[in-house]
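Work through the exercises below with the sequence and the model at hand. Try each task before reading its solution.

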Amino acid sequence: MKSVFISDLRPNEDATALFLVQSKDVRQKKTGEPYLSLSLVDRTGEIEAKMWDNVGEIMHTFDRDDFIRAKGRVQIYQNRHQFTIHRLQRVDDALVELQDFFPASQRDPDEMFEELRRTVAGMTNPHLRALLEALLDDQRIADGYRRAPAAKTIHHAYLGGLLEHVLSVCQLCRFVAGQYPFLDLDLMLAGAITHDLGKIQELSYRRSFGYTDDGQLLGHIMLGLRLIDDKLRAMPDFPPRLRSLLEHMILSHHGELEFGASKVPVFAEALMLHYLDNMDSKMQAVRTAIDRDQHVDGCWTGLCRALERSLLKKDKYLQEAVPVVAARSAPVEPAPAANGPAPEAVPAAAAVAAEAPQPGLPPAPSEVPVPREASVPRAAPVPREAPVPREASVPREASVPREARSQPRPMSLFGERLKDALKKEP
Ligand SMILES: [Fe+2]
Ligand SMILES: [Fe+2]
């Protein structure tokens with residue numbers, strides 16, 4: 001039975017705990033000696049780990065998806081927990097409780113699936129309802145839908161996360177249909193329920209989360225369309241134009257071509273589905289980043305890769321008394337980078353030089369993705385001299401010149417797959 005969980009780990013304390021190895025890299029120090037860079041998970045979260053010494057003896061004794069018992073010390077690096085391992089050993093599967101290692105939705109999957117079925121049963125369009133019922137009646141799809149995460153790491157990255165995400169988007173569809181009565185609610189609900197359906201095949205979630213071969217080769221949009229096509233073959237009366245609308249919503253739900261959409265949304269329901277999907281994903285990513293960072297000092301989270309920025313822990317910020325002099329003498333530059341290059345573009349030397357943040361102040365420049373100057377052309381107008389209060393200079397749009405904003409953003413929540421394809425995570 002596991003007694004110490006990742007959420008229990010505290011900075012500057014020694015710990016011994018069981019983990020599931022989500023990723024394992026053997027790297028080289030400057031001296032040529034190997035060291036291990038690991039991502040370790042349990043049901044409460046994920047932690048980066050490094051093992052610097054005596055690696056040669058153990059590096060071939062375990063692999064990704066194995067369980068290990070590790071002894072080491074928790075430290076803060078770049079405003080995030082990092083576990084420095086002193087000793088580790090592989091642990092046999094039979095000696096662990098599997099449910100301790102897989103993060104899962106707090107909601108009961110059967111209850112969520114019933115809610116999804118009720119949503120479908122309440123639809124008035126007979127064709128869309130019949131298609132969705134055919135999909136949910138398929139035991140293979142139903143099992144996958146109950147269990148799949150919505151993403152590997154970025155948002156709703158836990159068992160049942162896909163279903164939780166889809167139900168949330170369905171609820172948002174109902175809200176906006178009340179505000180914009182010209183929207184076809186049935187079409188939006190059908191889009192919400194099918195837009196990420198392919199994730200049940202794109203992701204592997206029997207052990208640590210990853211991508212299947214078909215996920216790597218085809219992606220969830222293509223896989224979802226295949227599942228729908230499979231059902232529509234048995235439904236010859238399904239209106240072809242309604243089919244095209246639904247397929248367009250799936251193809252375009254990432255919003256922009258550079259984020260993996262095959263087409264940009266070209267009718268109201270498709271555009272709204274993109275907005276709601278994006279909103280739900282990002283709100284959940286923010287919540288996760290703040291929750292995971294509660295035990296780290298300071299008002300700013302480490303880099304939230306989903307949003308390419310550090311986030312303000314608002315409640316801590318409001319609670320902490322900020323010395324007025326310190327606040328005024330703080331440099332403006334360290335505000336979290338907004339539209340800068342992807343996190344990977346941070347020079348390694350800058351990352352290594354990161355220092356602990358001052359309470360109440362944004363992280364030091366090296367802790368945020370990129371100092372603002374790095375993303376702003378020299379010729380751009382810099383509003384720093386403007387005699388406005390500091391608060392007024394923070395909003396991103398006010399300080400980023402048009403040229404910078406017109407650059408394609410390097411990554412979105414939906415660019416996770418695209419980004420993976422372009423550049424493997426270290
Ligand atoms: Fe998607
Ligand atoms: Fe989604």
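Two exercises follow, on nonpolar cores and on a strand barrel.

The model is predicted: local features need pLDDT of at least 70, side-chain atom pairs count only at pLDDT 80 or more, and totals for chains, interfaces and linings use all residues. Residues are numbered from 1 along each chain as its sequence is written.

**Exercise 1.** Find the largest nonpolar core and state which domains give residues to it.

Solution. A nonpolar core is a set of buried Ala, Val, Leu, Ile, Met, Phe, Trp, Tyr and Cys residues joined through C-beta atoms within 7 Å; buried means 20 or more other C-beta atoms within 10 Å of the residue's own, with C-beta atoms placed from the backbone. The largest such core has 47 residues, and Val166, Cys173, Met188, Leu189, Ala192 and Ile193 have the most contacts inside it. Next, assign elements (DSSP runs: helices H or I of at least four residues, strands E of at least two, numbered from the N terminus). Suppliers of at least two residues each include α5 (161-179), α11 (268-292) and β8 (300-304). Helix α6 gives the most, seven residues. Finally, domain 2 (109-285) and domain 3 (300-329 + 336-422) both contribute, so the core lies between them; the domain bounds come from an automatic or database assignment.

**Exercise 2.** In what order do the five strands of the barrel close?

Solution. Strands pair if DSSP finds at least two bridges between them. The barrel order is β1-β2-β3-β5-β4, with mixed pairing. Take one pair: β3 (residues 45-51) and β5 (residues 80-91) run parallel and are joined by three bridges. Within β5, Phe83 is the bridge partner of Ala49.

Definitions and conventions:
Chains lettered and ligands numbered in written order. Buried ≥ 20, exposed ≤ 12 C-beta atoms within 10 Å, placed from the backbone.
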